[in-house]
Structure formats: structure tokens, C-alpha cells
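Subject: Structure for you to look at, with notes

Dear colleague,

I am handing over the structure below, and my notes on it follow directly after. Please read them with the coordinates open beside you.

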Amino acid sequence: MVAKITIAPDVFLWREKFSPRQQKALLDDVLARLEQAPLYRPVMPNTGKAFSVEESNFGALGWVSDKSGYRYQPMHPVTGTPWPAIPPALLALWDEINAPPTPECCLVNLYRTGAKMGLHQDRDEKDTSAAVIGVSLGDEALFRIGSAVRGGKTASVLLASGDVIAFGGTARLAYHGIDRIRPGTSRLVPGGGRLSLTLRRVRPKKRPPAGGPGARCALNSA
Ligand code: SIN
Ligand code: FE2
């Protein structure tokens, strides 16, 4: 059992939740899936400025950014094919931390030397009832998280390989980002750097069919 550390209200950290052996197994699984859905470099909406990270996705829906905006889509923007499935080890992690249903998106970010991620909210999801879960592999990163208010107080935490972070509930829309990575602090990722795997629910869960088990009687509930 790995201890659950509270970073801020509804922000939790598990240090080395994935053991070195599990990190290697997960990395190998991720790299194999990235052969089907290669990392590419997205650009910012409007400006078209290139991200400093490279990205890909696993799952039914992938998060993408291009000149027309941010969105979720079922196809890889470069290859035009569906995203590979989410690795089983990550689905198991989700089940341990969040309730069903399973995540629809696993965003993959690769941070090489100098890459970072500005403070932002994860708010392109129509369903924000489940926590966002992030897994770190490779080099250490300085992660910053605040509240749902821009410019509010923030906390910094060093994320190392195998660490897992989760923010949900009152922190689901918290601003967060990666100030920088610390190159050379891990030898896990081929070519160096850090991979982050971010799991999210995107669409609201389907309601049970009207009149089915559990359906409410409109008259009685009035
Ligand atoms: C993200 O917020 O998209 C990624 C955060 C991380 O790399 O840990
Ligand atoms: Fe994010």
C-alpha cells in the first residue's frame, strides 16, 4: 500500500504508486501503443504557436489542439485513425481511485529538455464529476496546482517517475501546469525526458432508459 498524501483540498499524491518494475512495464506498453498513434506536436489555437510538449492519446476520445481550438475527437489528427485503447494498468489505476465508468481519454505528453506546460484548467470535458488522474514516467517535473480561480495561491510538488496525482471534487477545475522538468533525473524514457499520462472522463454517463429499473415516476417525484 502506497500512502495517499494530501497536497491541497481534493488534490492527492501517491509517491511511486508504480514500482520501478511496473514503470518499465507501463512504459513498454505505452511505447508500443505510440507506434500506432505517434507523438506529434500540437499548435495553439489562433496563434498556431507550437507546443513545447509532444502529444498523443489513447482511448475513445483524444484531446487535440490546433488553430481552430481545443476539442476531443476519436481520430488521430495526423494519421486519421482511431486512438489505441487505454493500457490495462491505467484502467486498473482508475478503478482504484475513481468510480466507474472507465476513462475515455488518456492524454500522453512527452516533455524533452526545456518543455513545460503553462497553468491551465482541464475544462473541455462535459463531465467533470470524476477526478483527473495523472501518472508520471521518467524525469522529475515541478508540478504546480492552484484553485479554480486564475491568479490564486498555488502549491508546487516535485513529481517523480511512478508518482500518481489526482484532482477532483472541489479541485477538478483547479489551474495546474508543469513549470519545468529536471533533465537527466531518470533513465527510464528512451532519449530522456518525461512522459505524463492523464486520464479523464469526457462525456456524461448515459442515463438508464426511461421506464427502466431505477426510473423515477414523474408524478411521485413532483
Ligand atoms: C496536463 O495538465 O495536461 C499535464 C500535466 C502533467 O504533465 O503532469
Ligand atoms: Fe491539464
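The site of the iron ion (ligand 2) is irregular, with angles of 88 to 174° among its four donor atoms; please bear in mind throughout that this is a predicted model. The protein donors of this ion are His120 through NE2, Asp122 through OD and His176 through NE2, and they lie 2.1 to 2.2 Å from the iron. Along the sequence these donor residues follow the spacing H-x1-D-x53-H. Aspartate 122 sits in the loop between strand 7 and strand 8 (132–138), whereas histidine 176 belongs to strand 12, so that the pair, 54 residues apart, links distant parts of the chain. As for accessibility, aspartate 122 counts as buried at 3% relative accessibility, and histidine 176 also counts as buried, with a value of 6%.

The sheet beside the metal site

Two of the iron donors also face each other across a strand pair, since histidine 120 stands opposite histidine 176 in strand 12. The two strands concerned, strand 7 and strand 12 (residues 176–182), pair in the antiparallel sense over two bridges. They are part of an open sheet of four strands, arranged in the order 7-12-9-10 with antiparallel pairing. Strand 7 (117–120) and strand 10 (155–159) stand at its edges, and because each has a single partner strand, one side of each is left without a neighbour in the sheet. On average, neighbouring strands of this sheet are turned by 20° against each other, if direction is ignored.

Further along the sheet, strand 9 (residues 140–145) is joined to strand 12 by six bridges, the two strands running antiparallel; here glutamate 140 has arginine 182 in strand 12 as its bridge partner. Strand 9 is likewise joined to strand 10, by five bridges and again in the antiparallel sense, and in this pairing the bridge partner of alanine 141 is leucine 159 in strand 10.

Salt bridges

Side chains of opposite charge can pair when their charged atoms come close. A search of the whole structure finds 13 salt bridges, and I would draw your attention to those around one of the metal donors. Which residues are linked with Asp122 in a network of salt bridges? They are Glu125, Arg172 and Arg200. Within this network, arginine 200 forms a salt bridge with aspartate 122, their closest N and O atoms being 2.9 Å apart. This pair links distant parts of the chain, 78 residues apart, with arginine 200 in strand 13 (residues 194–200) and aspartate 122 in the loop between strand 7 and strand 8.

Arginine 200 also forms a salt bridge with glutamate 125, for which the closest N and O atoms are 3.8 Å apart. Here too distant parts of the chain are linked, as glutamate 125 lies in the loop between strand 7 and strand 8, 75 residues away from arginine 200 in strand 13. Is arginine 200 buried or exposed? Its relative accessible area is 6%, and arginine 200 is therefore buried, while glutamate 125 is buried as well, with a relative accessible area of 7%.

Away from that network, the side chains of arginine 41 and glutamate 54 meet in a salt bridge at 3.7 Å, N to O. Because arginine 41 lies in the loop between helix 1 (20–36) and strand 3 (54–58) while glutamate 54 lies in strand 3, the pair ties together parts that are 13 residues apart in sequence. Arginine 41 counts as partly exposed, at 43% relative accessibility.

A loop position

Finally, a note on alanine 85, which has its place in the loop between strand 5 (69–73) and helix 2 (88–97) and which, at 49% relative accessibility, counts as partly exposed. Its C-alpha is 7.3 Å from that of alanine 60, although the two residues are 25 residues apart in sequence. If its neighbours within four places in sequence are left aside, alanine 85 is in contact with Arg33, Phe58 and Gly59.

With best regards

Methods. Residues numbered from 1 in each chain as written. Chains lettered and ligands numbered in written order. Predicted model: local features only at pLDDT ≥ 70, side-chain atom pairs only at ≥ 80, totals over all residues. Heavy atoms only, no water. Pairing = 2+ DSSP bridges. Axes fitted to C-alpha atoms, helices over the stretch in contact; angles between N-to-C directions. Donors = N, O, S within 2.8 Å, 3.2 Å for Na, K, Ca; no water. Tetrahedral: all angles 85-135°; square planar, octahedral: opposite > 155°, others 65-115°. Buried < 20%, exposed > 50% of the residue type's maximum accessible area, 1.4 Å probe, protein only. Salt bridge = Lys/Arg side-chain N within 4 Å of Asp/Glu carboxyl O. Contact = heavy atoms within 4.5 Å.
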